[in-house]
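Colleague: I would like to go through the labels used for this model and hear what each one rests on. Please show it before we start.

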Amino acid sequence: MNDLLPLVTKRMMEMYGVPSIGEWYDEQFLFPEDKDSPFVGGDKLLVMSMLSDVQEMIERSLMDEARQTLNRAKWVLSKP
């Protein structure tokens, strides 16, 4: 199983721009930028924020980053 870890991590980086999509997701709620107020709005607000980020990335021609952010947003929307 450990032999597959580098391949899985590489695939995560290619698809999502992060080494672990689950850890990235958890960090969105555990470590808000404003430490004095918890993240509110849940998944819906998170995805809306991500889509705004994608618009900015497209404007700046950061297409790979935009693709990875869209993949993360789709992951959030598809989780049970």
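Modeller: A salt bridge here is a side-chain nitrogen of Lys or Arg within 4 Å of a carboxyl oxygen of Asp or Glu. By that rule the count comes to four salt bridges. Keep in mind that this is a predicted model.

Colleague: What makes Glu-14 and Lys-10 a salt bridge?

Modeller: The closest N and O atoms of Glu-14 and Lys-10 are 3.5 Å apart. The cut-off is 4 Å, so the pair qualifies.

Colleague: Why are Glu-14 and Lys-10 said to be separated by about one helical turn?

Modeller: They are four residues apart in helix 1, which is why the separation is put at about one helical turn.

Colleague: Why is Lys-10 called exposed, and what is Glu-14 called?

Modeller: Exposed means over 50% relative accessible area, and buried means under 20%. Lys-10 has 51%, so Lys-10 is exposed. Glu-14 has 37%, which lies between the two limits, so Glu-14 counts as partly exposed.

Colleague: How do you know that Arg-60 and Glu-56 form a salt bridge?

Modeller: Their closest N and O atoms are 2.6 Å apart, and that distance is within 4 Å, so the rule is met. As for accessibility, Arg-60 has 57% and is therefore exposed. Glu-56 has 39% and is therefore partly exposed.

Colleague: What makes Asp-64 and Arg-67 a salt bridge, and how are they placed in helix 4?

Modeller: The N to O distance is 2.7 Å, within the 4 Å limit, so the side chains of Asp-64 and Arg-67 meet in a salt bridge. The two are three residues apart in helix 4, which again means a separation of about one helical turn. Asp-64 has a relative accessibility of 41% and Arg-67 has 35%, so each counts as partly exposed.

Colleague: Now the helices. Why are helix 1 and helix 4 called roughly perpendicular?

Modeller: Helix 1 (residues 5-16) packs against helix 4 at an angle of about 105°, with the axes 7 Å apart. Angles of 65 to 115 degrees count as roughly perpendicular, so the label applies to helix 1 and helix 4.

Colleague: Which residues make that contact of helix 1 with helix 4?

Modeller: From helix 1 come Met-13, Glu-14, Met-15 and Tyr-16, and from helix 4 come Arg-67, Gln-68, Asn-71, Arg-72 and Trp-75. By class these are four nonpolar, two polar and three charged residues.

Colleague: What makes helix 2 and helix 4 roughly perpendicular?

Modeller: The axes of helix 2 (residues 21-30) and helix 4 (residues 63-78) cross at roughly 80° and come within 11 Å. Since 80° falls in the range of 65 to 115 degrees, helix 2 and helix 4 are roughly perpendicular. In this contact Ile-21, Gly-22, Trp-24 and Tyr-25 of helix 2 meet Arg-72, Trp-75 and Val-76 of helix 4. Five of the contact residues are nonpolar, one is polar and one is charged.

Colleague: How do you know that helix 2 is roughly perpendicular to helix 3?

Modeller: Helix 2 and helix 3 (residues 42-59) pack at about 105°, with axes 12 Å apart. That angle lies within 65 to 115 degrees, so the two are roughly perpendicular. Trp-24, Tyr-25, Gln-28 and Phe-29 of helix 2 make the contact with Gly-42, Asp-43, Leu-46 and Met-50 of helix 3. The residues divide into five nonpolar, two polar and one charged.

Conventions: Residues numbered from 1 in each chain as written. Predicted model: local features only at pLDDT ≥ 70, side-chain atom pairs only at ≥ 80, totals over all residues. Heavy atoms only, no water. Axes fitted to C-alpha atoms, helices over the stretch in contact; angles between N-to-C directions. Parallel < 35°, antiparallel > 145°, perpendicular 65-115°, else oblique. Contact = heavy atoms within 4.5 Å. Nonpolar A, V, L, I, M, F, W, Y, C, P; charged D, E, K, R; others polar. Buried < 20%, exposed > 50% of the residue type's maximum accessible area, 1.4 Å probe, protein only.
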